[in-house]
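Biologist: I'd like to go through this model with you and press you on the labels. Can you pull it up?

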Amino acid sequence: MRVTHDSAQWKQSLSQLAGLVIVGSLLGGCTTAGAQWPWVFVPSATNPPANNQNVQAPVIRPPVVTVNAPRDLGGDYANYPELREFIGKMNHQHGFDIAFLEQTFSGVQRDQAALTKASAPTEGQAWQVYRPIFLTEARINGGVDFWNRHAVLLDSATRQYGVDTAYLVAIIGVETQYGKNTGKHNVLQALTSLGFDFPRRASFYQKELEQFLLLSREEKVRPQIFSGSYAGAMGLGQFISSSYRSYAIDGNRDGKRDLWDPQDAIPSVANYFAKNGWKRGAGVAVPAYISGNGYASIAETTAKKPSRTLSDLAASEVRPQAPINSAKVSLIKLDGTTDEYWVGGENFYAITRYNPSVKYAMAVHQLAQEIRKRKFGF
């Protein structure tokens, strides 16, 4: 017997189908592409009808809500108008369920340690104090061990992305001591605290909080479970949320981008450098000879894209102490009780895209060189 749209059987079948859809989205959302998560309210994509039936799927749209009146938001940030505006933005622009966000932020506690650390970053120290933090026997030997244990992954990443293996190892060594210290801060709490209680960089951290929630949804992981640095960086390579979304690679093709897993973390670091200007086979930095007075006006203490040639440096009485293969270079000054001067190439600048500090980039460079020497004996 044919079932028509206005028959009792049709209505009963439709009701049963709706029930199955609801249960399926609650229980099977993490395995079905495009399925909606019970904790996120996402506009449905319009898919072609099955069996060429001319049936238009309903489109669910998030309500446009201005969150300014008292709602079900508790916790340390319940009385922050800026957070209520942020929740409204995440609902309006990205389709997040307001109730889910209110429940999520109601459990957030202020991370005072993150606020304290953000006020006094390590890069503020003099070079002679900063360098010994990273150039240690433990990090050099640990780098050789990490290289040996993950040689196949590292060689593959170097071939594919063109990034020198020693620098892939050194980045992970500087950031997390090869995975031994990936951070104990709750990322959601750290980013919320910095986004709404750290005015100097509130805009930056609110953007990272936005990216973090989007990342959680994409990776199908509840945001409360992520741990990382005080600034919200995650994994072996310490990617902030925007970098995680932009550069992370599913190296083992298991459907997840897990930056705590070397199989994903190593190609992700390589991809980050490749997308930020690393040039295959080019040099990084060498010590500089300086004389006269011309060098003072061209020395850089902050990360800037190289714009000079070796001839330009020579005109200012600066020359590298060893050959450096780079079309453009800069004179780098490392402040300290005794200033150091280096000629930095385009790959040195690429390292500063990871952390915008010339001290950081130099620590990575010198650690990479020491690891290579220890591994190969030269």
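Modeller: Sure, and keep in mind that this is a predicted model.

Biologist: Then let's start with E7: what makes you call this strand mostly covered?

Modeller: Four of the five residues in E7 are buried. Buried is the word for a relative accessible area under 20%, so "mostly covered" fits a strand with four of five residues in that class.

Biologist: What sheet does E7 belong to, and in what order do the strands run?

Modeller: An open sheet of five strands, ordered E4-E6-E7-E3-E5, with mixed pairing.

Biologist: Why are E4 and E5 said to stand at the edges?

Modeller: Strand E4 (299-300) and strand E5 (318-320) each have a single partner strand, so one side of each has no neighbour in the sheet.

Biologist: How do you know that E6 and E7 pair?

Modeller: Pairing takes at least two bridges. E6 and E7 have five, in the antiparallel sense, so they count as paired. Leucine 334, for one, stands opposite glutamate 340 in E7, and a hairpin of five residues joins E6 to E7.

Biologist: And what makes E3 a partner of E7?

Modeller: Three antiparallel bridges link E3 and E7, and the cut-off is two, so that pair qualifies as well. Proline 287 has tryptophan 342 in E7 as its bridge partner. E3 (residues 285-290) also pairs with E5, again antiparallel and over three bridges; there, alanine 288 is matched with proline 320 in E5.

Biologist: Which helix lies across E3, E6 and E7?

Modeller: Helix H15 (residues 358-376), which runs at about 95° to E6.

Biologist: What does H15 give to the largest nonpolar core?

Modeller: Nine residues, the largest share of that core. The core has 82 residues, and Leu83, Phe105, Phe273 and Ile351 touch the most other members. Leucine 83 touches Leu73, Tyr77, Phe105 and Phe196, leaving out residues up to four places away in sequence. A second, separate core has 12 residues, including Val286, Ala288, Val318 and Leu331.

Biologist: Why is leucine 209 called buried?

Modeller: Leucine 209 has a relative accessible area of 0%, against a limit of under 20%, so it is buried. Leucine 209 sits in helix H10 and, apart from neighbours within four places in sequence, contacts Phe86, Phe105, Leu188, Leu191, Thr192 and Phe196.

Biologist: What makes phenylalanine 212 and phenylalanine 226 an edge-to-face pair?

Modeller: Two numbers. The ring centres are 5.3 Å apart and the planes are at 75°. Centres within 6.5 Å make a pair and planes over 60 degrees apart make it edge-to-face, so both tests are passed. The pair links distant parts of the chain, 14 residues apart: phenylalanine 212 is in helix H10 (residues 202-219), while phenylalanine 226 is in the loop between H10 and strand E2 (227-228). Phenylalanine 212 and phenylalanine 226 are buried.

Biologist: How many aromatic pairs does the structure hold?

Modeller: It holds 22. There is also an aromatic cluster formed by Tyr167, Phe239, Tyr247, Tyr272, Phe273, Trp278, Tyr354 and Tyr360.

Biologist: Last one: how do you know that the charged end of arginine 201 sits over the ring of phenylalanine 204?

Modeller: The charged end of arginine 201 is 4.3 Å from the ring centre, and the distance limit is 6 Å, so that part of the test is met. Arginine 217 likewise lies over the face of phenylalanine 96, at 4.3 Å from the ring centre.

Terms used:
Residues are numbered from 1 along each chain as its sequence is written. This is a predicted model: local features need pLDDT of at least 70, side-chain atom pairs count only at pLDDT 80 or more; totals for chains, interfaces and linings use all residues. Side-chain values use heavy atoms; hydrogens and water are left out. Rings of Phe, Tyr and Trp (its six-membered ring) pair if their centres lie within 6.5 Å; planes under 30 degrees apart count as stacked, over 60 as edge-to-face and the rest as tilted. Buried means under 20% relative accessible area, exposed over 50%, partly exposed in between (1.4 Å probe, protein chains only). A charge sits over a ring if NZ of Lys or CZ of Arg is within 6 Å of the ring centre and within 35 degrees of the ring normal. Contact means heavy atoms within 4.5 Å. Axes are lines fitted to C-alpha atoms, for helices over the stretch in contact, and angles run from 0 to 180 degrees between N-to-C directions. A nonpolar core is a set of buried Ala, Val, Leu, Ile, Met, Phe, Trp, Tyr and Cys residues joined through side-chain atoms within 4.5 Å.
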